[in-house]
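The following exercises are to be worked with the sequence and the three-dimensional structure in view. Each task is followed by a solution in steps.

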Amino acid sequence: SRVKKLTLILNITPGYPATDNVAVQLTSPTLPASLLAKLEGACDKEARAHAGGPQLAAVTNLVLKYVRENMLISCWEELVAARALVCTPPDNLSPADAAAFAKANWIKLAEKAGKVTVRAHEARYWL
């Protein structure tokens, strides 16, 4: 889909795979930089896990699996904004009240199912 368009660039150095890991670069005209950075980190970790052996297929499979299974990719920026609205306590709260706020207000993501669960509390009102 156009919302999940992503380019995976795997750079091979002369020491690959014996001494160097594959260098991963992700670009996208539609996905936010924060998501790409998170996914690049996961790819680097996957490449390190296969150090000294074949890494290209493992990294490519990780990216494909993430894009296919994460149904919330297309609304990533909105989820970040929603989490900030719901989960950020007001500045004037004591540490104990801030902890209670965090316990009462949260967002849980079920990425494979494409579901977002929100719990918000203000005075006598719950969402």
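**Exercise 1. Placing a residue**

In which strand is the place of Val118? State also whether Val118 is buried, exposed or partly exposed.

Solution. The model is a predicted one. Step 1: Val118 has its place in strand S4. Step 2: the relative accessible area of Val118 is 33%. Partly exposed is the class between under 20% and over 50%, so Val118 is partly exposed. Step 3: Val118 can be compared with Leu62, which is 56 residues away in sequence; their C-alpha atoms are 28 Å apart in space.

**Exercise 2. A salt bridge**

Find which residue forms a salt bridge with Lys112, and state what parts the pair ties together.

Solution. Step 1: side chains of opposite charge can pair when their charged atoms come close. Step 2: the cut-off for a salt bridge is 4 Å between the nitrogen and the carboxyl oxygen. The closest N and O atoms of Lys112 and Glu69 are 3.5 Å apart, and these two residues form a salt bridge. The count of salt bridges comes to 1. Step 3: Lys112 lies in the loop between strand S3 (106–110) and strand S4 (115–119), while Glu69 belongs to helix H2 (residues 56–69), so the salt bridge ties together parts 43 residues apart in sequence. Step 4: Lys112 is exposed, at a relative accessible area of 61%, whereas Glu69, at 30%, is partly exposed.

**Exercise 3. Two helices in contact**

Describe how helices H1 and H2 cross, and which residues make the contact.

Solution. Step 1: the axes of helix H1 (residues 33–49) and H2 come within 9 Å of each other and cross at roughly 145 degrees. Step 2: the crossing of H1 and H2 is right-handed. Step 3: H1 contributes Leu35, Lys38, Leu39, Ala42, Cys43, Glu46 and Ala47 to the contact, and H2 contributes Ala58, Val59, Leu62, Val63 and Tyr66. Step 4: sorted by kind, the residues of this contact are 10 nonpolar, no polar and 2 charged.

**Exercise 4. Cysteines**

How many disulfides are counted?

Solution. Step 1: a disulfide requires two cysteine sulfur atoms within 2.5 Å. Step 2: by this rule the count is 0 disulfides. Step 3: Cys75 serves as an example, since the nearest cysteine sulfur, which belongs to Cys87, is 15 Å away and Cys75 is in no disulfide. Step 4: Cys43, one of the residues of H1 in the contact with H2, is buried, with a relative accessible area of 0%.

**Exercise 5. A loop residue and its contacts**

Where is the place of Ile73, and is Ile73 buried or exposed?

Solution. Step 1: Ile73 is in the loop between H2 and H3. Step 2: a relative accessibility of 2% makes Ile73 buried. Step 3: apart from its neighbours within four places in sequence, Ile73 is in contact with Lys4, Leu31, Leu35, Tyr66 and Val67. Of these contacts, Leu35 and Tyr66 also take part in the contact of H1 with H2.

**Exercise 6. A peptide bond**

Which two residues does a cis peptide bond join?

Solution. Step 1: most peptide bonds are trans. Step 2: the bond joining Tyr16 and Pro17 is cis, with omega about -5 degrees. Step 3: Pro17 is found in the loop between strand S1 (7–11) and strand S2 (23–27).

Note on methods
Residues are numbered from 1 along each chain as its sequence is written. This is a predicted model: local features need pLDDT of at least 70, side-chain atom pairs count only at pLDDT 80 or more; totals for chains, interfaces and linings use all residues. Side-chain values use heavy atoms; hydrogens and water are left out. A salt bridge is a side-chain nitrogen of Lys or Arg within 4 Å of a carboxyl oxygen of Asp or Glu. Helices (H or I, at least four residues) and strands (E, at least two) are DSSP runs, numbered from the N terminus. Buried means under 20% relative accessible area, exposed over 50%, partly exposed in between (1.4 Å probe, protein chains only). Axes are lines fitted to C-alpha atoms, for helices over the stretch in contact, and angles run from 0 to 180 degrees between N-to-C directions. A crossing is left-handed if the near helix is turned anticlockwise from the far one by less than a right angle, and right-handed if clockwise. Contact means heavy atoms within 4.5 Å. Ala, Val, Leu, Ile, Met, Phe, Trp, Tyr, Cys and Pro count as nonpolar, Asp, Glu, Lys and Arg as charged, and the others, Gly among them, as polar.
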